[in-house]
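Colleague: I am new to this model and would like a close look at its open and enclosed spaces. Could you take me through what surrounds them, one after another?

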Amino acid sequence: MASPCTTYHPSPGSPEDDSMVLFSTSTSCSPAKESTITHSNSSSFNSSSPTPPPPQSSSNKTYELRIRNLSYTISPNGSIFSSLMKKSNKPKIGILKSISFVAGCSEILAIVGPSGTGKSTLLRVISGRVSDKEFDPKSIYLNEHAITSPAQLRNICGFVAQEDNLLPLLTVKETLMFSAKFRLRGMSSKEREERVESLMQELGLDHVADNFVGDEEKRGISGGERKRVSIGVDMIHDPPILLLDEPTSGLDSSSALQVIELLSSMAKTKQRTIILSIHQPSYRILQYISNLLILSHGSVVHYGSLESLEENISRMGYEIPIQLNPLEFAMEIISVLENQEPHSKYQSCSYLRWEEAIIQDGANKQVIDQAKAGAISDARCSSLFEIAVLCSRFWKIIYRTKQLFLARTMQALVGGFGLGSVYIKMRHDEGAVAERLGLFAFSLSFLLSSTVEALPIYLQERRVIMKEASRGAYKISSYMIANTIIFLPFLFAVAILFAVPVYWIVGLNPSITAFLFFTFVVWVIVLMASSLVLFLSAISPDFISGNSLICTVLGAFFLFSGYFIPKECIPKYWLFMYYVSLYRYPLDALLTNEYWSLRNKCFSWNEDHSECLLTGNDVLKNRGLDKDTRWMNVGIMLAFFVFYRVICWIILARKVSKTTI
């Protein structure tokens, strides 16, 4: 029988390997005090890596994560009344129940269990992806010092979610480079580029550095390479602890093995603490996993090595079939393991004796003090830098989104020339007044609805924004400002492409001043519509509901614009819609612009042309436009443009504060 001590074997690294480590401590990766398990020489399966790690380098800093009696509960969704009264008679649901384990450096700890057993929840809790009120400050310890808030864990741990939330139109190198710019502000451009090059080599991505990440619609790198890019994004600042939620999910067996081999190599060479959840690892993957934490219904049914699991199963009188490994067989008898005596789940409790976990070196406290200060918050760039980087990224995405670029250009040209061909050389008589009003109304409807195609792009960006902003990469306000800066010139070009043909082909007011104002109003219209779509994308769960919501809102605005129903005929309980309609103000501005300089021009005479029946002033009075309110209407339109973006900023900021990805 081998010694009951589990020994941690860290790997050496060059001195510069740890130059990016954000925290310092004098604790080294020393042998554990006592093991939770006993090893059997007769084990038929070797869980250690085929290549033993080299001896320890004293220059490396190491971290040990201890979890003590961690529990987590959620409140079931009650009725609206009970939620308003902040009372609920329904009992809380226990997701995690008294979880205890230790994750040491240079090792991979795998959290295993059936679906719905709490694996992802456990990772979210120990990575700090919970609110302060849900966090237990006495259950998580780093190098034997208690973590008191989830913000400290977010600053210490890198967390790779199960979904690969990446922008498909960026290359692998650009994705990592943008992440480096956001999170490594203290480095020079050359140092950041060297860091990215080094990380791509470490992740085995240097051969696809200039390939697009891609997604289901746009072909890019493979699934395994995309997963490695996701790992790289959260490793760019070299976190001492790396947590991964189902890193092999959706990958074929070869890609899954490559990912686990990569993580094992990173754990040894950089002495990282790596914890991952995995559904049912293959025989070859298990070779790289040091310890297993098996969960069932939120409780620990086994903690220790694969050999100890095999011993435990044999001690219970079961024989593992030849075609199965111990873990696969354990999943089949999970209910039996769950009902075994507590002391047999981890045989030696001395390793988890928390009363002995006292601070023996003041340097350990430095880890927590730096976490409290938010070491990664140093990587939060200044607002101007954030905006500049986000503008650069936005421009790349818009330029490469050929469908959006071409669609908006073709819409503007086809719309402008199409309307011009319908209303070509419009006359200046009484019938032309109604035609001009119809032209302006249709143009408004066309321009406001033409921004809907940007909805999928906003929805695709939203999850990336949630992840990046929640991890301190940048502020939501910086994102909104950058979005505005990039779309201002882009939509101005769209406005010119539409306004020039329709204005001169139709033969509207020939004044240059009137033409310039018309073009400016068209620009403000598309800006206002863009803000509305951005706002609705922030509250829409998916494209179908978002598209339906946009159509409904625009339809209601058009109905109450005063074009179909005069203000006096609108029911009082719907009158507010007249004032918030995005159609009313630009329609009034365009009509005023067309007829204000032509107030004294006669558009209809009596039979003998002795009396003018309709002047430009009469046209304006019929719409209630007795004064020149063009710039007031423009001001209201700009206010809508700002208002919808501010509301979007508030919604996204609130979602970021609650996100767990």
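Modeller: The second largest pocket has a volume of about 750 Å³, where a pocket is an open set of points on a 1 Å grid over the protein atoms alone, with protein on both sides within 12 Å along at least five of seven lines, and the volume is the space filled by probe spheres set on the points, which are joined across faces, edges and corners. Its lining, meaning residues with an atom within 4 Å of a point, is made of 23 residues, and Val130, Ser131, Lys133, Glu134 and Lys658 are the closest to the centre. Two or more of the lining residues come from each of β1 (65–74), α16 and α23 (630–658), with β1 giving the largest share, 4 residues; helices (H or I, at least four residues) and strands (E, at least two) are DSSP runs, numbered from the N terminus. By class this lining holds 5 nonpolar, 9 polar and 9 charged residues, with Ala, Val, Leu, Ile, Met, Phe, Trp, Tyr, Cys and Pro taken as nonpolar, Asp, Glu, Lys and Arg as charged, and the others, Gly among them, as polar.

Please keep in mind that this is a predicted model, in which local features need pLDDT of at least 70 and side-chain atom pairs count only at pLDDT 80 or more, while totals for chains, interfaces and linings use all residues. Residues are numbered from 1 along each chain as its sequence is written, and side-chain values use heavy atoms, with hydrogens and water left out.

Turning to the largest pocket, about 1,100 Å³ of space lies in it, and 39 residues line it, with Pro168, Asp215, Glu216, Glu217 and Gln460 nearest its centre. Two or more lining residues come from each of α6 (223–233), α13 (383–400), α14 (402–422) and α16 (455–470), and α16 provides the largest share, 8 residues. The lining of this largest pocket has 15 nonpolar, 9 polar and 15 charged residues.

Helix α16 also belongs to an enclosed space, for it and α4 (172–183) each give two or more residues to the lining of the largest cavity. A cavity is a set of grid points where a 1.4 Å probe fits but cannot get out, and the whole structure has 12 cavities of 30 Å³ or more. The largest cavity has a volume of about 180 Å³ and is lined by 17 residues, of which Thr175, Ser179, Val233, Arg393 and Glu468 lie nearest its centre. Here the largest share, 5 residues, comes from α4, and the lining as a whole divides into 8 nonpolar, 3 polar and 6 charged residues.

Helix α16 takes part in a salt bridge as well, in which the side chains of Arg463 and Glu163 meet at 3.9 Å, N to O. This pair links distant parts of the chain, since Arg463 sits in helix α16 and Glu163 in the loop between β6 (157–160) and α4, 300 residues apart. In the whole structure there are 16 salt bridges, each being a side-chain nitrogen of Lys or Arg within 4 Å of a carboxyl oxygen of Asp or Glu.

To place these parts beside the record, the unreviewed UniProt entry lists residues 405–424, 436–459, 480–506, 512–536, 543–565 and 631–652 under "transmembrane region", in the numbering used here, with the caution that annotations may be inferred rather than shown by experiment. In the model, residues 405–424 are 90% helix and 0% strand, and their end C-alpha atoms lie 28 Å apart, whereas residues 512–536 are 100% helix and 0% strand, with end C-alpha atoms 36 Å apart.
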